[in-house]
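Q: Please take a close look at one helix in this structure, setting it first within the chain as a whole and then following the chain to some of its other notable places.

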Amino acid sequence: MSNVTVIGTQWGDEGKGKIVDWLASRADIVVRFQGGHNAGHTLVVGDQVYKLSLLPSGLVRGKTGVIGNGVVVDPTALLSEIERVSAQGLTVTPKTLWVAENVPLILPVHVATDRAREAARGTRKIGTTGRGIGPAYEDKVARRAIRLCDLAEPETLDWKLDELLLHHNTLLAGLGAKTFTKDEVRAYLDDIAPKVLPFACSVWERLDEARRGGRRILFEGAQAVMLDVDHGTYPFVTSSNTVAAVAASGSGMGPGSIGFVLGIAKAYATRVGEGPFPSELNDAVGQRLGERGHEFGTVTGRARRCGWFDAVLARQAVKVGGVNGVALTKLDVLDGFEEVRICVGYELDGRRISSYPAAPGAQARVKAVFETMPGWQETTRGARSWGELPAQAIKYVRRIEELIEAPVTLLSTSPERDDTILMRDPFED
């Protein structure tokens with residue numbers, strides 16, 4: 001039996017939450033390994049809608065949830081989310097939720113820095129969520145982060161806060177924003193410590209024990225490959241690596257533990273925030289996709305930009321992300337279109353190119369080359385077997401497989417968890 005790693009292959013918002021929730025029925029443990037509470041997973045279970053940002057989706061299935069060391073954690077956001085889902089009937093305790101003791105914390109000073117810098121960018125803003133994710137990751141690599149384990153050592157906090165505030169207050173003052181005193185940050189940490197420390201543990205050790213015991217582990221990524229800080233549409237990216245390889249380093253397990261890599265992709269494309277989007281539709285068709293797909297960011301509430309499926313970027317994500325199979329979501333949103341289109345290539349400055357350029361200027365000038373296929377009038381919504389799909393919908397899926405050079409192993413045909421077509425069980429590989 002294999003472990004499974006789930007990652008997004010577009011710009012996030014591909015419906016990973018539903019797929020992870022669905023796969024969690026086959027898993028014992030679900031692990032978040034990167035990102036922060038800028039992630040957004042919406043799970044629909046009967047008449048209950050769960051909106052998760054930090055908590056692993058497996059908690060909805062009653063599985064053990066893990067927040068790995070590759071995540072940055074806002075303790076206030078974590079406690080608020082626990083309180084919210086507990087009110088919906090979920091059980092979240094230190095027995096069901098393990099948080100790596102070495103996770104870096106997002107503090108109010110990170111949020112302030114994030115927002116002040118984004119405001120200072122003016123027309124060149126990146127479109128961050130303003131939740132302090134980037135500054136927290138910067139502190140991690142600069143070796144000045146306050147980590148969860150530090151909350152148990154007052155003497156460590158004392159000198160770490162001096163270094164942290166020297167950096168951030170200098171930036172905030174230069175940007176004309178409010179600075180922070182050591183006493184107010186220390187008071188915040190002293191208040192939060194007894195509430196979050198009970199969840200802290202040596203995650204790598206527990207996961208190693210689980211692996212040796214034959215337990216199935218599902219690794220849950222946030223954002224997507226095209227938002228990866230190295231491989232995405234830089235600088236309009238997130239602040240962490242989002243590819244499957246990070247499941248190992250972000251949880252404390254070896255690279256052989258990540259198992260089958262399942263890439264999630266919508267049957268069309270969406271993006272929240274700024275940045276290039278070659279197949280974007282700024283017309284009635286794009287509006288129709290957004291309305292039918294209820295395209296609003298789970299975290300930000302911002303309307304998502306919509307466009308046709310981009311097979312060039314998806315193929316790149318498959319290669320870079322190490323994807324073994326693809327879960328194609330929201331196929332039902334395309335029901336009723338007279339024709340559907342797929343971006344099969346790009347033009348840049350009058351010449352045809354087969355991959356996405358790295359330079360920001362070139363990215364902005366890329367134009368999509370489309371292939372048009374007949375649509376289908378029959379419904380795919382709620383289909384639970386391959387035989388229930390219209391012939392043109394099957395042709396559309398098969399064409400995507402050819403273009404991205406990866407098999408579609410799962411199809412999602414509605415937000416309901418059971419409206420899923422399984423062609424290949426990732427846990428059986």
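A: In this predicted model, the chain is built from 12 helices and 18 strands. The radius of gyration is 22 Å, close to the 22 Å that the globule rule gives for 429 residues, so the chain is as compact as a globular protein of that length. Measured out along its principal axes, the C-alpha trace spans about 65 × 50 × 40 Å. Of the 429 residues, 57% count as buried, and the accessible surface comes to about 17,000 Å², with 50% of that surface belonging to carbon and sulfur atoms. Among contacts between residues at least 6 apart in sequence, 76% join residues at least 24 apart. As for charge, the mean positions of the 51 positive and 53 negative charges are 2 Å apart.

Against this background, the part to look at closely is helix 10, which runs over residues 311-321 and is mostly covered, since eight of its 11 residues are buried. The buried residues are A311, V312, L313, A314, Q316, A317, V318 and G321. What covers these buried residues includes several strands, namely strand 1 (4-8), strand 9 (260-266), strand 12 (309-310), strand 13 (325-329) and strand 14 (339-348), and the cover also includes helix 12 (391-404).

Both ends of the helix deserve a look. The N-terminal end of helix 10 is capped by D310, which has a side-chain oxygen 3.0 Å from the backbone nitrogen of V312. Just after helix 10, at G322, the chain takes a positive phi of about 70 degrees.

A positive phi also appears at residues that are not glycines. R143, which is not a glycine, has a positive phi of about 65 degrees, and this residue sits in the loop between helix 4 (133-141) and helix 5 (154-174). R143 counts as exposed, because its relative accessibility is 73% and the cut-off for exposed is over 50%. H294, again not a glycine, has a positive phi of about 50 degrees; its place is in the loop between helix 9 (284-292) and strand 11 (305-307), and with a relative accessible area of 63% H294 is exposed. Another backbone feature is found in the loop between strand 8 (217-220) and helix 8 (246-249), where P235 lies: the peptide bond that joins Y234 and P235 is cis, with omega of about 5 degrees.

For a buried counterpart, one can turn to L411 in strand 17 (residues 408-412), which has a relative accessible area of 0% and is therefore buried. Leaving aside its neighbours within four places in sequence, L411 is in contact with L328, L331, W386, L389, V397, D419, T420, I421 and M423. One of these partners, L331, lies 80 residues away along the chain, and yet the C-alpha atoms of L411 and L331 are separated by 7.5 Å. Among the other partners of L411 is V397, a position within the 391-404 range of helix 12, and helix 12 is part of what covers the buried residues of helix 10.

Finally, D425 is found in the segment after strand 18 (420-422). D425 is buried, with a relative accessible area of 15%, and a polar atom of the D425 side chain lies 3.0 Å from the backbone nitrogen of F427.

Notes. Residues numbered from 1 in each chain as written. Heavy atoms only, no water. Helix = DSSP H or I, 4+ residues; strand = E, 2+ residues; numbered from the N terminus. Rg over C-alpha atoms; globule rule 2.2 N^0.38 Å. Buried < 20%, exposed > 50% of the residue type's maximum accessible area, 1.4 Å probe, protein only. Contact = heavy atoms within 4.5 Å. Areas by Shrake-Rupley, 256 points an atom, 1.4 Å probe, with all protein chains shown as cover. Lys, Arg positive; Asp, Glu negative; His and termini not counted. Charge placed at Lys NZ, Arg CZ, Asp CG, Glu CD. Polar contact = N/O pair within 3.5 Å; in protein donor to acceptor, adjacent residues only side chain to side chain.
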